[in-house]
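Good morning, colleagues. I should like to take you through one structure, from its overall fold to the surroundings of its ligand.

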Amino acid sequence: MIGGTLSKWTMSYFAIAITWLIAAEALMAAGFGFPAADVAAADTLVIVHMVCIGWLSMAMCGALFQFVPVLVGKPLFDERWELPALVLLTAGLTALLAGFLVLGGRLPAGLWLLPLAATLLAAGFALVVADLGLTVWRARPPVGPAHFVLAGLVSLCATVALGTGFAWSLSGHGGEELGKVLATGVPLHAIAGLGGWLTLTAMGVSYRLLSMFMLAPDVDGKKSRLTLAAGSAAIGVAVAGGLFAIEAEAGLGIVLAAAAAFGLATFALYGRDVAALYRNRKRRQLELNTKMAAYGFASLAAAALLGIALVATGSFAAHVGAFAFLVAFGWLSGLVLAKLYKIVAFLTWLETYGPAMGRLPTPRVQDLVAEGRASKWFAVYFVSVWGGTASLLFGQASVFRGAAAVMTLATAGIVQELIRTRRLADVAEPLRLPNGTQPPCLLYSRT
Ligand code: HEM
């Protein structure tokens, strides 16, 4: 079960994450950052970190605080670290965005904001990594998806270390060595973050959630370990090999090509594992979350094919923005939104009706959601993401802004469904609040 004990602040992480997502989408719709600005411009860095830290990392941390204890069958190492971590991450991200605005000349001088931001973010992520890492350590040896989570946490440390180095360097305090890493090492930071931390963790979590929500047997341990080995090799080669190449002033070409080969092998193996989960499921009728997750997987496959095509035609550098957009919004955000839809319903059900189970008649988890209504928002979301990717590939900036506006609307629609779930708005009387049950709070769970 996902919710042996409920994590008090998971809903708060989700709420803050979704707020950053909608803000980033609205800014893209307003024409802020890429493609109006360069992919490496300060405005683009603002959007990138709103999405990567504010939305995806916050949602992932919130989910892991709930999920890791269940995965390893031990309570979280220390629940009291969840809220300080959330505060530090929010403050750090706000300072980081302000620092980027200074860098782009939109705010008056204040480059010291960047090292301050890096320190706050490093402290917040350190609390997350320590809390989750020690939880897994207490239950050693780690099992199945816990290995993916550990690999994700190691990648998060690498991402934060590189980001911190960049922040000091950009504020003029980095010295020559850091300057060298900043000059060519940004892809290593991006790969460690999007590929290692977010993708490897999402893969591990998806194995467990898919088998749970589709009533499918777990993926064979040997197969998932091979997938993880290929994924870890991709990230390890990119980051460690990349740093070595920078130090040796050898160029990143060969290292990135080797990492890409391991990356493609990882996606192929992961595709095989996920296909087996769908094939062997006992729940024949797919729920909305598993149907929508499939669009996330399709986006990952499309991103892999797009990457191959762009490299083969020598146009990867020119279209890296479209590629990263599909990875961030089609694969990662698509999967996270699909899973949030189920996780919020499941946790709300546990919190409200768990205590009454067996004593009073209670609704089913599926009674908390209206899938028909929500599926329209998901369909609009994925179509607009794919349309946005195509418009970037064909250099149609105004079409991209339209697609981003539709994405914002679709996300707001999905959020409205999540709020309705939290409010038990779709549960029919008299089952809605049987005697002695309490309605859940919107932004945190009563534990
Ligand atoms: C302590 C936390 C972090 C700090 C201080 C930080 C800082 C930075 C800085 C300064 C750059 C720009 C380097 C340059 O081009 O001059 C950058 C780029 C980037 N960061 Fe971070 N970062 C952090 C965490 C993350 C995380 C967690 C992710 C992803 C999960 C991420 C994803 C990216 C990406 C994709 C880029 C390249 C963006 C582009 O070129 O448009 N960062 N980061």
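From the N terminus on, the elements run α-α-α-α-α-α-α-α-α-α-α-α-α: the protein has 13 helices and zero strands. Here helices (H or I, at least four residues) and strands (E, at least two) are DSSP runs, numbered from the N terminus. Please note that this is a predicted model, in which local features need pLDDT of at least 70, side-chain atom pairs count only at pLDDT 80 or more, and totals for chains, interfaces and linings use all residues. Residues are numbered from 1 along each chain as its sequence is written.

Along its principal axes, the C-alpha trace spans about 70 × 50 × 40 Å. Of the 447 residues, 51% count as buried, that is, with 20 or more other C-beta atoms, placed from the backbone, within 10 Å of their own.

Let us turn to helix α12, residues 371–393. Its 23 residues should span 33 Å at 1.5 Å a residue (times one less than the number of residues), and its end C-alpha atoms are indeed 33 Å apart. Among the buried residues of α12 are Trp377, Phe378, Tyr381 and Phe382. Just after α12, Gly395 takes a positive phi of about 65°.

What surrounds the ligand? There are 29 such residues, with C-beta atoms, placed from the backbone, within 6 Å of it; the closest are Cys52, Gly163, Phe166, Ala190 and Gly193. Helices α2, α4, α5 and α7 each give two or more residues to this shell. By class, the shell has 21 nonpolar, eight polar and no charged residues, where Ala, Val, Leu, Ile, Met, Phe, Trp, Tyr, Cys and Pro count as nonpolar, Asp, Glu, Lys and Arg as charged, and the others, Gly among them, as polar.

Note on methods. Buried ≥ 20, exposed ≤ 12 C-beta atoms within 10 Å, placed from the backbone.
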